[in-house]
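Visitor: Pick one packing contact in this model and take me through it closely. Then follow the trail outward from there, as far as it goes.

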Number of protein chains: 2
Amino acid sequence: MQVTRQTKVGLLGPFGTYSHEVASGFFGGEAHYHAVANIQGVFQSLAAGQVDYGVVPQENTIFGSVIETYDSLRLYGDTFVRGELILPVDHCLLVKTGVQLGDIVEVLSHEQALGQCANFVRQHLPNASTQATASTAAAARMLLDRPPTSAAISSRACANIYDGLEVLREGIQRDEANFTRFYVLTRRRNVPIPSLPDTPNSRRKGLLRIINKSPTSLSSSQGDILAALNQLSTEMEVVRIDRRPAQEGVPFQDLYFTEVQGSNPSPSAPVLEGVWDELLDSFVSKVKKLGFEASVMGSW
Amino acid sequence: MQVTRQTKVGLLGPFGTYSHEVASGFFGGEAHYHAVANIQGVFQSLAAGQVDYGVVPQENTIFGSVIETYDSLRLYGDTFVRGELILPVDHCLLVKTGVQLGDIVEVLSHEQALGQCANFVRQHLPNASTQATASTAAAARMLLDRPPTSAAISSRACANIYDGLEVLREGIQRDEANFTRFYVLTRRRNVPIPSLPDTPNSRRKGLLRIINKSPTSLSSSQGDILAALNQLSTEMEVVRIDRRPAQEGVPFQDLYFTEVQGSNPSPSAPVLEGVWDELLDSFVSKVKKLGFEASVMGSW
């Protein structure tokens, strides 16, 4: 599938967010990007056909799963995960051109970024106050209307997007592995996405939705979610389990988003797309027979 | 174990929160209650020996798991879960004594409660503005300093705690099952808690902590977390899985909080406390041999 000027990509905005950075790295300069105010808005744009693809944060290595993304996946059940993107999060200190470290009395950013860079601020800007903003990119944009004594913690991209800003320091986050992982979404299953080559089963992934509809009817000795997971093909292994309320009117009924990947012992053997999808579909059929509600929510 | 005036219980404050309501229902009128400003503070008080027990929200049937509780369990590894309490959440509209519905121009509450009661506000107070507060109890307390045109959404308990307030309407949340589940915490394993009678295995629960330390060394055909879960005794079933970043320096390494319960086919047979704990300990030994890090974090 070819990215063209007609390719529309929805992402968590404003421009300059990490979502924007990772999406433009993947879809390239030709695509048309729509910055949306919040994560659920990206799903709405996709469902309404305003965009062809969506890029939303799924988890961060420090802060964990992004609840709003999982709840939107529940709400927009037709949305399909067709890929993953991982971005090392490298926070920069942005200022108006020419401003020096000693000039700064105020630091703006999203509270997660402020937390990740707290050591840097304490050490290098001990007298500066901090102010939380809606996103890291929003902090950079706010700099334009502030006196030069303000600084923002955001991505390097923001220095290119907003005229008159420059990077004063980079890599100012805690010395700790900090990555954010994103899902690439399509409106339905089987929408082609760019650069998905023939991939061996061992590299394939899938996202499964499992709801325990009638727990008491299970005769398995290992009841509940474990009974469902044990229906997975031996060619699959579980890499992520995220539990959310099913919200179908029964208190404490859960929806388990389960990410699986291929564990094919001969990873060199490439397989056709259909084979992996058949493994996912077969799992769904099996657990439905056990009384669970289930569906395939992603394959990539 | 007997609750006395020396029994100190830490909970998420201020007084009048649902945590306070559920804790005082369980520990009764004799115990001494410490209201702490946030969830992590309850764990800190417990670790420092300032309180004997802690009561923290673990999940809500609409909003799901309470991340701050799980991250505090990770941080304060010695804290032990010794019980669960479930509270139906019944929101009331509180006003200064004598105020009528038609007088109200402003509604204060925690944003979750505002969301759960949005239909009521839209229908009965279409012209009132809403303001988010730190907790439902904080909203009630703020009423005291406001003109009588303000109202708060909070628990019935707040009307008793704060003089001059009364319940104008009750049960104003969305017509949907709304429960919050709490954990009762102790500083260490085996601290006795009130009213834990001899319980058959089928009613016992446990909380297990599982970290996949060396995923590549696993020879099981079902790798990762599923290989660990399959080491559970057939007398146990999995009722909750909550995934959080392990935060041990390896990106995307996960800690799975796994809640199990007894699935003993003869629930009438009571068992000694030791037997259930031996099943939990035996699981930990087995998964450690597979290369996981694991521990028992709760037994009740």
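Guide: Let's start in chain A, where helix α2 (residues 39-47) packs against helix α3 (residues 67-75) at an angle of about 30°, their axes 9 Å apart. Helices here are DSSP runs of H or I with at least four residues, strands are E runs of at least two, and both are numbered from the N terminus. Axes are lines fitted to C-alpha atoms, for helices over the stretch in contact, with angles running from 0 to 180 degrees between N-to-C directions.

Before going on: this is a predicted model, where local features need pLDDT of at least 70 and side-chain atom pairs count only at pLDDT 80 or more, while totals for chains, interfaces and linings use all residues. Residues are numbered from 1 along each chain as its sequence is written, chains are lettered from A and ligands numbered from 1 in the order written, and side-chain values use heavy atoms, leaving out hydrogens and water.

Back to that angle: α2(A) and α3(A) are therefore roughly parallel to each other (under 35 degrees; over 145 is roughly antiparallel, 65 to 115 roughly perpendicular, the rest oblique). The crossing of α2(A) past α3(A) is right-handed, i.e. the near helix is turned clockwise from the far one by less than a right angle.

Who does the touching? From α2(A) you get Ile39(A), Gln40(A) and Phe43(A), and they meet Glu68(A), Thr69(A), Ser72(A), Leu73(A) and Leu75(A) of α3(A) (contact means heavy atoms within 4.5 Å). Sorted by class, that patch holds 4 nonpolar, 3 polar and 1 charged residues.

Helix α3 of chain A also leads you elsewhere. Asp71(A) and Arg244(A) join their side chains in a salt bridge, 2.7 Å from N to O (a side-chain nitrogen of Lys or Arg within 4 Å of a carboxyl oxygen of Asp or Glu). It links distant parts of the chain, since Asp71(A) sits in α3 and Arg244(A) in strand β13 of chain A, 173 residues apart. Over all chains, the structure holds 30 salt bridges.

Follow β13 (236-245) of chain A onward and you hit the loop before β14 (254-262), home of Gln247(A). Phi of Gln247(A) is near 55°, positive although the residue isn't glycine. Another backbone detail to inspect is the cis peptide bond from Gly13(A) to Pro14(A), with omega near 0°. Pro14(A) lies in the loop between β1 (8-12) and α1 (18-27) of chain A. For context, most residues other than glycine have a negative phi, and most peptide bonds are trans.

Now for the partner chain. Asp242(A) forms a salt bridge with Arg243(B), at 2.9 Å from N to O, and the count between chain B and chain A is 4 salt bridges. In this interface, 42 residues of chain B contact 42 residues of chain A. About 3,300 Å² is buried between them, with carbon and sulfur atoms giving 50% (buried area is accessible area, 1.4 Å probe, lost on putting the two parts together, summed over both). On the chain B side, Ile241(B), Arg243(B) and Phe252(B) lose the most area to chain A, together 21% of what that side buries.

Finally, look inside chain B: α2 (residues 39-47) and α3 (residues 67-75) pack at about 30° with axes 9 Å apart, and the crossing of α2(B) and α3(B) is right-handed.

Note on methods. Ala, Val, Leu, Ile, Met, Phe, Trp, Tyr, Cys and Pro count as nonpolar, Asp, Glu, Lys and Arg as charged, and the others, Gly among them, as polar.
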